[in-house]
Amino acid sequence: MPCGLYGQYIILLVTACGIVLAFASGALPQWKEEKLACRSKSRKVIALTKGNGAQHVIVINGRGVGLDLEDLATADGLTLKSTRYCVSGFAVLWLALLITVAGIRENTWYLLAVGFIGMAQNVFVAGKSREPSAFGLHLEFDRAIIRKKVMMTLMTAEIAYPTVGRSLIGTFFPGNLTKWEEEWWTQPDAEKLATPVDGKN
């Protein structure tokens, strides 16, 4: 607007420089190292839950194409040597841009409007819900297992996905199991298929 109405290009130049610096700061390799500090092409089967008392468990089968969520949960991140120099350089450039903005005396409210639009955009982006693929997790829904009791659900999950239900026993049942439950979990997989999960519980 100022360059078209008044022939003043400084507002447009400052805005363009700010956008370039913002994109360049966000494109540092360091952020990728911190966000995806894990191995890829994982074949692990991971169960995500809040623990005992949680109503939902999400089971993710890597199948050789997913991220290793176990690595991701315990990753510390790698600090690249170039990050320190890049951040220092960006700090100098941002300071120079700030000094330039402070020296503008005319039509400064245009910069205020640009800043307001930028803050509004940040609020919108931060609050918008995203699909898992936006975070690098490309998930395909298979099925939902819903039963009246937790033990029934784990048994059904064990039949559909061997070892998944068993791995969650200690989480949801840290104490002793009933005699029938112990017999069910110790029997071979072939017999589990023939035993009703809600016959005794």
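A pocket is taken here as an open set of grid points with protein on both sides within 12 Å along at least five of seven lines, and its volume is the space filled by probe spheres set on the points. In the predicted model described here, the second largest pocket has a volume of about 270 Å³. Its lining consists of V14, T15, G18, I19, A22, F23, W94, L97, V101, L111, V114 and G115. Two or more of these residues come from each of the helices α2 (10–26), α5 and α6 (109–127), and α2 makes the greatest contribution, six residues. By class, nine lining residues are nonpolar and three are polar, while none is charged.

The largest pocket encloses about 1300 Å³. A total of 42 residues line this pocket, and V57, I58, V59, I60 and R143 are the ones nearest its centre. Strands β1 (45–48) and β2 (58–61), together with helix α7, each supply two or more residues to the lining. In composition, this lining comprises 24 nonpolar, ten polar and eight charged residues.

The chain as a whole contains eleven helices and two strands, arranged along the sequence as α-α-α-β-β-α-α-α-α-α-α-α-α. Of the 201 residues, 22% are buried. When contacts between residues at least 6 apart in sequence are considered, 59% of them join residues at least 24 apart.

Confidence in the prediction averages a pLDDT of 84 over the protein, and 90% of the residues reach at least 70. Helix α5 (residues 81–102) has the highest mean, 91, whereas helix α11 (residues 189–194) has the lowest, 63. Where pLDDT is low, predicted coordinates should not be read in detail.

Nonpolar side chains tend to be buried together in soluble globular proteins. The largest nonpolar core of the model has ten residues, namely M151, L154, M155, L168, I169, F172, L177, W180, W184 and W185. Helices α7 (150–160), α9 (169–172) and α10 (179–186) each give two or more residues to this core. Another core lies apart from it and holds nine residues, including I11, F90, L97 and Y110. Of these, L97 also appears in the lining of the second largest pocket.

Within the largest core, F172 also has contacts beyond its neighbours within four places in sequence: T49, G51, N52, G53, A54, V57, V150 and L154. Among these partners, L154 belongs to the largest core as well, and V57 is one of the residues nearest the centre of the largest pocket.

Three further residues merit individual description. Q30 is found in helix α3 (residues 29–35). With a relative accessible area of 3%, Q30 falls under the 20% limit and is therefore buried. Beyond four places in sequence, the contacts of Q30 are L78, T79, L80 and T83.

Residues K41 and T163 are not glycines, yet each has a positive phi. For K41 the angle is about 55°, and the residue lies in the loop between α3 and β1. The relative accessible area of K41 is 66%, so this residue is classed as exposed. For T163, phi is near 80°, and the position is in the loop between α7 and α8 (164–167). T163 is likewise exposed, because its relative accessible area of 53% is over the 50% limit.

How values were computed: Residues are numbered from 1 along each chain as its sequence is written. Side-chain values use heavy atoms; hydrogens and water are left out. pLDDT is the predictor's confidence in each residue, from 0 to 100. Helices (H or I, at least four residues) and strands (E, at least two) are DSSP runs, numbered from the N terminus. A nonpolar core is a set of buried Ala, Val, Leu, Ile, Met, Phe, Trp, Tyr and Cys residues joined through side-chain atoms within 4.5 Å. Buried means under 20% relative accessible area, exposed over 50%, partly exposed in between (1.4 Å probe, protein chains only). Contact means heavy atoms within 4.5 Å. On a 1 Å grid over the protein atoms alone, a cavity is a set of points where a 1.4 Å probe fits but cannot get out, and a pocket is an open set with protein on both sides within 12 Å along at least five of seven lines; lining residues have an atom within 4 Å of a point. Ala, Val, Leu, Ile, Met, Phe, Trp, Tyr, Cys and Pro count as nonpolar, Asp, Glu, Lys and Arg as charged, and the others, Gly among them, as polar.
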